[in-house]
Amino acid sequence: MPPIPALHSAAPSTHPDPVTIAIVGAEFGWGSTGKLSAVLSELRDRSTPPLRFIGMASGLGRPLLAEHAVDGWYDLPGDTGPAAPAVEEFVRSQGVRAAVVVLDGAAATALLALGVPTVFVDSLPFLWSEGDRAALPLDATVYCAQKSVELPPECLAVLADARELHWVEAVIARPRASAPERGARPRSGRPYRRALISLGGLRAPGLVDPRHYPSLVVPAALEALAAHGIEEVHIAGNLPGDLAGRLVDSCVAPPRTTAGPLGHGAFLERLDACDVLLTSPGLTTLLEAGGLDVPTVCLPPQNLSQIFNGRYHSQALGARVRVPWPKDVLIEDEALALRSEGEDHALGYIYGAIGAAAQGDDRQGIGHALRDGVLEALRRSAAVAEWGALTTAVGTGGAAQVADALLAVLGAAEPHP
């Protein structure tokens, strides 16, 4: 199992014998990567013990972590999760002492089976039911479940069996400016001129074609932004090949429209500089936008968790700033009902519905309905005075709390002030 070349090599450490920590993020969008980035930033600011980070799998998120000192990344064979012999070789050859795993239950289970103390970060605890129990590493050394504005009873029944359950606040990067400094640049009430469209990492297990979602949503969003007077927009996400250019050319777009993936730090800078965000409702992105008080419209959901996220976001704000799919594409309550059999059953329905719409004869009608929905949500957003309600409800200290948990596991906890 040879390592792939490191995307960002750590500078030689001035400390003797650094402790090696494995980091792993789920191959499901970019939310896990954002959380790893936030945790690594917290650990970078701690003085002891000296730490060395080595990545396992997480191919989708590696480029977004290039700003962090990760010594190297190791591929694992197969597409169904870590194979025990490969993980054992990784742990042995790298001298792994502990691990931080975000949402990848199979990786956490494999590491725990090898005796590696593992801090598991679960950013979607509200999603789980009995059908998901087997996929969750409930025996993690520390199971960090991110707080939510609502927790269905079925998820609480599953998480009650976590051996060492810690509820943590939102695991997001700390804003670079203090609240008073950000308050010097009020966003509410000013016209929107610069927009950011965020699609995240368009990959997930079971997703047949990552082009289906953007082919429906991006032209509709661009046309709505143009109609609303937006002059500049950037489309962020790992759009396949030249798809972004073809989608821009297919519709009436704002005059200055660009596209391309952004590293986590660059994304946060672009987010802070925009007037409005249109995003598929990934939870990390919604929480980061709330922390920066950025006006945010939720595009239609890509998956099961995003149905919850979009609803929680509008519920916290007290405003309908989310755009659901037309009923003839997807009925959210039907997807939610399927989760009792496990997340995969609901995802199959969602991916199938989006794929059928993208390849069907009524693509134009669906696009018009989405465009009108986005435009209406943009208009309603003008009445929202405080955009940080969701973030405020769950707090922003989760990255520091996960870092504390890891240091405690290593026996060298440094309490965060």
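**Helix H10, the internal cavities and positive phi values**

Just after H10, Gly-318 adopts a positive phi of about 70 degrees. This value, like those below, comes from a predicted model.

Helix H10 itself covers residues 304-317, 14 residues in total. From its first C-alpha to its last, H10 reaches 21 Å. That span is close to the 20 Å expected at 1.5 Å a residue. The helix is largely enclosed by the rest of the structure, because eleven of its 14 residues are buried. Buried positions in the N-terminal part of H10 include Leu-304, Ser-305, Gln-306, Ile-307, Phe-308, Asn-309 and Gly-310. Tyr-312, His-313, Ser-314 and Leu-317 of H10 are buried as well. The cover over these buried residues includes three further helices, H11 (332-338), H12 (343-359) and H14, together with H9 and E13.

Empty space was examined next. Rolling a probe the size of a water molecule over the atoms shows where such space is left. The structure contains two cavities of 30 Å³ or more. The largest cavity holds about 50 Å³ of space. Its lining includes Gln-146, Lys-147, Ser-148 and Val-149. Leu-283, Leu-287, Tyr-312, Leu-390 and Val-394 also line the largest cavity. Two elements, helix H9 (283-291) and helix H14 (389-394), each give two or more residues to this lining. By residue class, the lining of the largest cavity comprises six nonpolar, two polar and one charged residue. Tyr-312 links the two parts of this account: it is a buried residue of H10 and a lining residue of the largest cavity. H9 and H14 likewise recur, as part of the cover of the buried residues of H10 and as contributors to the cavity lining.

Backbone angles were then considered outside H10. Most residues other than glycine have a negative phi. Leu-103 has a positive phi, near 65 degrees, and is not a glycine. Leu-103 sits in the loop that runs between strand E5 (96-102) and helix H3 (105-113). Its relative accessible area is 25%, so Leu-103 is partly exposed.

Asp-293 is another non-glycine residue with a positive phi, here about 60 degrees. The loop between H9 and strand E13 (296-298) holds Asp-293. Asp-293 counts as partly exposed because its relative accessibility is 22%, and buried would require a value under 20%. The elements on either side of this loop, H9 and E13, are both among those covering the buried residues of H10.

Conventions
Residues are numbered from 1 along each chain as its sequence is written. This is a predicted model: local features need pLDDT of at least 70, side-chain atom pairs count only at pLDDT 80 or more; totals for chains, interfaces and linings use all residues. Side-chain values use heavy atoms; hydrogens and water are left out. On a 1 Å grid over the protein atoms alone, a cavity is a set of points where a 1.4 Å probe fits but cannot get out, and a pocket is an open set with protein on both sides within 12 Å along at least five of seven lines; lining residues have an atom within 4 Å of a point. Grid points are joined across faces, edges and corners, and a volume is the space filled by probe spheres set on the points. Helices (H or I, at least four residues) and strands (E, at least two) are DSSP runs, numbered from the N terminus. Ala, Val, Leu, Ile, Met, Phe, Trp, Tyr, Cys and Pro count as nonpolar, Asp, Glu, Lys and Arg as charged, and the others, Gly among them, as polar. Buried means under 20% relative accessible area, exposed over 50%, partly exposed in between (1.4 Å probe, protein chains only). The expected span of a helix is 1.5 Å times one less than its number of residues. Contact means heavy atoms within 4.5 Å.
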